[in-house]
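Hello,

Here is the model I promised to pass on to you. Have a look at it first, and my notes follow below.

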Amino acid sequence: MSITVLGYAAQSNKAPLVPFHFERRDPRPDDVAIEILYCGVCHSDLHQARNDWGYSQYPLVPGHEIIGRVTAVGAEVNKFKPGDLVGVGCMVDSCRECSPCQHGLEQYCEQGFVQTYNGVDRHDHRPTFGGYSQSIVCTQDFVLRIPENLDVKSVAPLLCAGITTWSPLKHWGVTKGSKVAVIGLGGLGHMALKLAHALGAEVTLFTRSAAKEADARKLGAHHVVLSTDAGQMDAVKGKFSLIIDTVPYTHDINAYMSTLTLDGTLVFVGLVGKIEPTMDTTPMLFGRRSVAGSCIGGIAETQEMLDFCGEHNITADSEVIRMDEINDAFERLLKSDVKYRFVIDMKTLTA
Ligand code: NAP
Ligand code: ZN
Ligand code: ZN
């Protein structure tokens, strides 16, 4: 049994997103059915709609920053009830048995986590479809509670942009007084500024866009460095214990490496692929510096981040769009023309 749902899908890597009907399963005993209110637009949605990562399956319904209300629950569901405000992020399942899963690190599941879209359900082996749609059905263990005091539309981006920057901040022990830098002021970057600031860090933004300086300061940056200005880059040598690099495409990281402290770490959260131009290891050896990567965050950690945001009243700066504006929004994302996250109002979704 299933119900027919309307969404927006890419039919190929060259095609724009268009209305698309598909089936959602009836809730299984541990499932929660959710009416989607808002869905954020992540640069990963664009990467996967266009098959930048080489494994996209079509039709592809993007969207993994999902906020909605519970409409129905399966017989065994004990964490949620109809009417609850909930979220679904980038994962809808994992094996739950491997060591990472047992340690709340479902994003590093040894069998691969089940992506909210462009994935395959572990039980019925059908493709998963994301949040650019009317509703979703998800096991309760991958559903998040949303603090009711937060602005509903602006909370959606926390489900990916929020957790993806929170997780490295926590893993690398950022606390009061830590010197943290963020590369790129887009969806992830602006959440990184807000979260690092709220954790008490001294926060610096590296940007190519001089025009973003005033916004960056409002979002929580204490300092802004224009990465295209060699003098400004020189002035911050040896300064940061952690750099979170959110840039989606390959870029020269060499100049950033010497801005790390002894034992400092640059963490990639944006680029999936090869670094060009080639990375020079010299700053790593003469400073014991590291280059690392980080993928979203676990379910418990995502709940911790949401609760922290509830306490500190942190949400994304969102520009609400209509569903039929999504193709234009993708083009604007490519031009870094977003302040600082598009969020789709699902009431505007029509065939
Ligand atoms: P976004 O909103 O488009 O922001 C990216 C920012 O990077 C831009 O605003 C721009 O900032 C900078 N930038 C863009 N192109 C650049 C280039 N060629 N060279 C240097 N800087 C550039 O994207 P997002 O939604 O934040 O996503 C960022 C990346 O993270 C994407 O690749 C996405 O797929 C990835 N992601 C990864 C995870 C994970 O689990 N690791 C989770 C979510 C997203 P300035 O104008 O300030 O320079
Ligand atoms: Zn994302
Ligand atoms: Zn696992």
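Which residues lie nearest the centre of the second largest pocket? They are Arg24, Arg25, Asp121, Thr128 and Val137, from a lining of 21 residues.

Before the rest, a word on how to read this. This is a predicted model, in which local features need pLDDT of at least 70 and side-chain atom pairs count only at pLDDT 80 or more, while totals for chains, interfaces and linings use all residues. Residues are numbered from 1 along each chain as its sequence is written, chains are lettered from A and ligands numbered from 1 in the order in which they are written, and side-chain values use heavy atoms, with hydrogens and water left out.

Back to the pocket. A pocket here is an open set of points on a 1 Å grid over the protein atoms alone, with protein on both sides within 12 Å along at least five of seven lines; a cavity is a set of points where a 1.4 Å probe fits but cannot get out, and lining residues have an atom within 4 Å of a point. The second largest pocket holds about 280 Å³ of space, a volume being the space filled by probe spheres set on the points, which are joined across faces, edges and corners. Strands E2 (18–25), E6 (91–93) and E8 (135–139) each give two or more residues to its lining, and E8 gives the most, with four. (Helices, H or I with at least four residues, and strands, E with at least two, are DSSP runs numbered from the N terminus.) The lining has eleven charged, six nonpolar and four polar residues. For these classes, Asp, Glu, Lys and Arg are charged, Ala, Val, Leu, Ile, Met, Phe, Trp, Tyr, Cys and Pro are nonpolar, and the others, Gly among them, are polar.

There is also one cavity of 30 Å³ or more, with a volume of about 70 Å³. Its lining has eight nonpolar, three polar and no charged residues, including Phe142, Leu144, Ile163 and Ile299.

Next, the metal. What holds the zinc ion (ligand 2) on the protein side? The donors are Cys42 (SG), His64 (NE2) and Cys160 (SG), 2.0 to 2.2 Å from the ion. Cys42 lies in the loop between strand E3 (31–41) and helix H1 (43–49), and Cys160 in the loop between helices H3 (152–155) and H4 (161–171), so the pair ties together parts that are 118 residues apart in sequence. Donors are N, O and S atoms within 2.8 Å of the metal (3.2 Å for Na, K and Ca), and water is not among the atoms, so sites may look incomplete. Both cysteines, Cys42 and Cys160, are buried, meaning under 20% relative accessible area (exposed is over 50%, partly exposed in between; 1.4 Å probe, protein chains only).

Gly130 sits in the loop between strand E7 (114–115) and E8. At 0% relative accessibility, Gly130 is buried, and its contacts (heavy atoms within 4.5 Å) beyond four places in sequence include Arg24, Val61 and Tyr117.

Finally, helix H10 (residues 299–312): its buried residues, among them Ile299, Met305 and Phe308, pack against E6, strand E9 (144–145), H4 and helix H5 (187–198). Just after H10, Asn313 takes a positive phi of about 55°.

Best wishes
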